[in-house]
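Biologist: I am new to reading structures and would like a close look at the inside of this one, with the residues that sit there and a few for contrast. Please take me through it slowly and explain the terms as you go.

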Amino acid sequence: MNQSNRLKSLVLLAYACLTGTVHAQERKAPAYPLITHNTYFSIWSNTDQLNNSTTTHWTGAEHSLLGLINVDGKIYRFLGKEQTSYKTILSASDEASYNVTYTENKPAGDWTSLKYNATGWKSGQAPIGDDEKSVKTLWKSDDIWVRRTFNLNSIAGINELLLKLNHDDNVEVFLNGTSVYEKKGWTSSFQYFSINKNKLKAGQNVIAIHLANTAGGRFLDFGLADKLKDNASQILLAEQKNVAVNATRTVYDFAAGKVNLQLTFTSPLLLNDLNLLSRPVSYVTYKVNANDGKNHAVKVFLGASSDIAVYQPSQEVSAQKYATAKLSVLKTGTLEQPVLQKGADDMRIDWGYFYVAAPKTAGAVQFITKGSEAANAFRKGAVLSTASKGHSLSLNTIIPFGTVGKNAVERFVELGYDERFSVQYFNTDLRPWWNNSGKATIECELTNALDEYQSVVQKCNAFDKEVYADALRSGGKEYAYLCVLAYRQSIAAHTLVKSPAGEILWLSKENNSGGFINTVDVTYPSAPLYLLYNPELMQGMLNGIFHFSESGKYPHPWAAHDLGTYPKANGQTYGEPMPVEESGNMIILCAAIAKAEGNAGYAKKHWQTLTSWVDYLAKEGLDPKSQLCTDDFAGHLARNANLSVKAIVAIACYAQMAETLGETETAKKYRAIAEGMVPEWIKMADAGDHYALTFDNKDTWSQKYNLVWDKVLGLHLFPQKVYDTETRYYLTKINKFGIPLDSRKTYTKNDWIVWTATFAPQKDQFEALIKPLYVHALETPSRVPLNDFYDSKTGIRENFKARSVVGGFYMKVLADKLNAK
């Protein structure tokens with residue numbers, strides 16, 4: 001068999017490994033972006049039918065948007081779900097303080113029964129845990145046993161008994177001696193679990209809990225609630241006909257009885273317009289027309305939860321209604337307003353204010369209720385505000401469409417968020433880009449969004465087509481689909497601010513993998529999207545790291561890992577350096593900026609720092625000692641062949657920039673170093689039909705995704721044989737959802753697969769490597785914003801969601817653009 005036929009056979013084999021017919025799936029995404037501005041103002045739908053679930057923040061916390069439409073007196077729900085109403089039976093600590101008895105020594109006897117004698121147990125106030133800032137009773141051992149006794153006068157009239165529970169980690173719950181709930185794992189907020197109400201009795205009762213810590217934090221808080229009957233049966237479901245995800249818009253089509261409703265969520269994240277990019281305002285657009293040729297009376301309701309402006313639903317909020325010259329406005333935020341006071345990964349913003357605004361010309365009616373009362377108020381025609389303070393309020397907006405016939409009528413509502421301050425940068429609080437002066441107002445931003453509505457929507461439509469066309473031209477339909485899906489997610493994991501020195505800062509949050517701010521090895525995989533559409537933002541991703549080193553705050557001869565824990569960029573908080581990884585990343589990205597911009601002016605500003613880093617790589621990079629790389633979840637690894645590639649490529653990148661700057665002798669010196677390392681690398685990594693994961697074990701293999709920059713930047717370092725050999729080998733390793741990251745596990749990273757596919761010598765090889773990622777997006781059981789780290793056989797996420805690294809999907813488009821130059 002000749003070489004060409006052998007390659008075709010491998011490609012066919014790769015396709016044969018894929019099961020399932022993806023085109024028959026109704027799903028269009030693992031989760032659907034609705035409102036996407038930054039890591040705080042980020043609302044998603046996690047079901048294929050928009051009205052099958054409550055909308056959430058990317059962390060999974062409920063950020064409810066409720067959409068209803070009244071057609072000739074019949075009401076249909078098209079967005080979200082009505083909030084469940086609860087009546088407290090036994091308060092958790094978010095409502096009232098309570099005490100428990102507990103022991104950290106395994107108790108003898110039937111410790112779960114009501115009659116148990118807990119003599120010798122300690123007494124403490126809930127919640128219990130190991131974070132001194134958030135608990136009342138400290139617990140730092142592996143196990144704890146807790147009892148809480150309480151009295152009830154009557155249990156008559158309970159509709160559905162629910163356990164209200166927030167726990168970390170494994171939990172066993174008993175009610176009056178009977179097991180009622182058990183789970184391995186943890187929650188990050190209160191959740192409700194239905195339990196048998198027959199186990200409750202009038203008089204004295206006891207809840208007994210065993211909690212086991214297996215990793216990470218410790219926490220326990222609990223109570224009981226009654227799930228009240230609702231009026232959902234009187235509200236019909238609109239029929240969803242279609243959904244389409246574009247780069248800046250998600251568009252749904254519904255039939256609500258005798259009218260059609262097109263619902264569009266637009267977050268105008270245009271990377272070449274920083275003012276528009278930073279404006280924290282999204283549009284929710286309704287387009288309604290009759291589907292039977294007759295006229296119908298129509299009005300549309302939107303209820304937006306005040307939980308969008310809290311960290312935890314237990315935080316009290318205030319809400320108000322007011323008007324500007326052109327807008328009717330609803331506003332909500334926490335009473336405490338703890339601006340930039342805490343940072344964590346699984347965190348929502350609890351400072352600043354959330355806004356719902358409607359054009360006065362639309363005749364909108366706005367009012368505020370409890371969340372549990374919102375749908376019923378619209379059903380009954382009530383429009384008076386019944387709340388101004390409390391928990392989980394609903395900001396309600398009714399848009400009257402009057403009589404609608406066959407011609408479509410369009411109206412829109414604006415959702416906005418004013419953070420006041422976005423991040424702390426080396427102990428200076430920075431305002432968002434749109435209000436860097438401190439003189440702008442959110443009302444002006446909302447008004448500008450109103451005045452520019454038509455032009456912004458037109459720009460978004462045109463840009464959506466451009467993004468899709470670019471990706472389609474580079475990689476085909478399935479690749480283009482992935483790029484479109486990644487666009488808003490990547491951007492919305494950043495915030496845009498200006499440094500005290502006037503430099504642009506485009507700062508990422510390492511979502512769901514530590515919560516670090518401006519992590520270099522998150523910047524690295526994210527980079528292609530920003531290099532492609534605005535290299536100035538790429539500079540904004542590097543500026544803070546350069547400042548950290550050049551100010552003397554980070555004194556090491558290699559690049560830092562991060563600038564802190566979001567939203568505080570005061571210095572690295574990750575526990576360990578990644579010297580080869582981060583130094584290589586910074587140098588490569590500077591070379592990529594130079595290539596994209598056609599000059600090395602940015603690198604010249606930081607030449608001394610870059611020189612320090614490249615000299616470290618020249619000394620330590622070829623055969624790295626035991627270090628972490630960006631795939632730190634895999635642990636330390638010595639003699640990492642892919643990390644060595646990064647060092648070699650980075651040294652050649654430095655030489656390329658030196659040449660561009662006219663530093664000919666410097667360019668020759670470092671080019672010679674890089675070229676000299678290549679044959680040594682080949683010799684050490686050569687494992688016959690592939691190149692090894694580590695130089696000392698030829699029975700291993702790995703994706704050498706760092707090689708891609710050799711092709712993208714035209715370095716011409718590694719011989720074509722390396723690419724041919726590696727690609728052929730990868731094609732024999734394809735599982736249903738992609739090739740594994742390396743030989744150690746079956747998990748993979750889809751951003752790295754795209755980079756690996758980009759250097760594949762043939763189009764059909766690229767498509768064979770990309771296809772499983774498309775299948776994963778449509779079939780993964782993990783319904784979260786696009787997950788980049790999952791098992792290549794099952795498709796189940798190992799960790800991570802909503803991360804910016806999916807900007808790396810644009811590597812093929814970037815490669816084609818730079819090579820075309």
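Modeller: Of the 821 residues in the chain, 61% are buried. Buried means under 20% relative accessible area, exposed means over 50%, and partly exposed is in between, using a 1.4 Å probe and protein chains only. Please keep in mind that this is a predicted model, where local features need pLDDT of at least 70 and side-chain atom pairs count only at pLDDT 80 or more, while totals for chains, interfaces and linings use all residues. Residues are numbered from 1 along each chain as its sequence is written, and side-chain values use heavy atoms, leaving out hydrogens and water.

Here is the setting for our close look. The chain holds 18 helices and 38 strands; these are DSSP runs numbered from the N terminus, with helices (H or I) of at least four residues and strands (E) of at least two. A compact globule of 821 residues would have a radius of gyration near 28 Å, and the chain agrees because its value is 28 Å. That radius is taken over C-alpha atoms, and the globule rule is 2.2 Å times the number of residues to the power 0.38. Along the principal axes, the C-alpha atoms fill a box of roughly 85 × 75 × 60 Å.

Residues that lie far along the sequence often meet in space here: among contacts with a separation of 6 or more, 72% join residues 24 or more positions apart. A contact means heavy atoms within 4.5 Å. On the outside, the chain exposes about 30200 Å², with carbon and sulfur atoms supplying 47% of that area; such areas come from the Shrake-Rupley method with a 1.4 Å probe, and for residues only the protein chains shown count as cover.

Now for the inside. Alanine 358 is part of strand β26, which covers residues 353–359. With a relative accessible area of 0%, alanine 358 is buried. Which residues does alanine 358 touch, not counting those up to four places away in sequence? They are Lys326, Leu327, Ser328, Ala364, Gln366, Thr397 and Ile399. Take isoleucine 399: 41 residues separate it from alanine 358 in sequence, yet their C-alpha atoms are 8.4 Å apart.

Alanine 492 lets us look at a loop, the one between α6 (477–491) and β33 (494–498). Its relative accessibility is 5%, so alanine 492 counts as buried. Leaving out residues up to four places away in sequence, alanine 492 touches Thr36, His37, Asn38 and Thr39. Serine 85 makes a useful pairing: alanine 492 and serine 85 are 407 residues apart in sequence, and their C-alpha atoms are 32 Å apart in space.

The cysteines are worth a visit too. A disulfide is a pair of cysteine sulfur atoms within 2.5 Å, and by this rule the count is zero. Cysteine 629 has its nearest cysteine sulfur, that of cysteine 653, 18 Å away. Cysteine 629 is buried at a relative accessible area of 10%. Cysteine 653 is in no disulfide either, and the nearest cysteine sulfur to it, that of cysteine 590, is 9.6 Å away. Cysteine 653 also counts as buried, because its relative accessibility is 0%.

Next, some backbone details. Alanine 802 is not a glycine, yet it has a positive phi of about 60°. It lies in the loop between β38 (797–799) and α18 (811–820), and at 3% relative accessibility alanine 802 is buried. Asparagine 427, again not a glycine, has a positive phi of about 70° and sits in the loop between β31 (423–425) and β32 (428–430). Here is your contrast: asparagine 427 is exposed, with a relative accessible area of 62%.

Two cis peptide bonds can be found in loops as well. One joins alanine 126 and proline 127, with omega about 0°; proline 127 is in the loop between β8 (122–125) and β9 (128–129). Another joins aspartate 168 and aspartate 169, with omega about 10°, and aspartate 169 belongs to the loop between β12 (161–168) and β13 (170–175).

Let us finish on a helix. Glutamate 665 is in helix α13, residues 664–685, and is exposed at a relative accessible area of 58%. Glutamate 665 and alanine 600 are 65 residues apart in sequence, with 17 Å between their C-alpha atoms.
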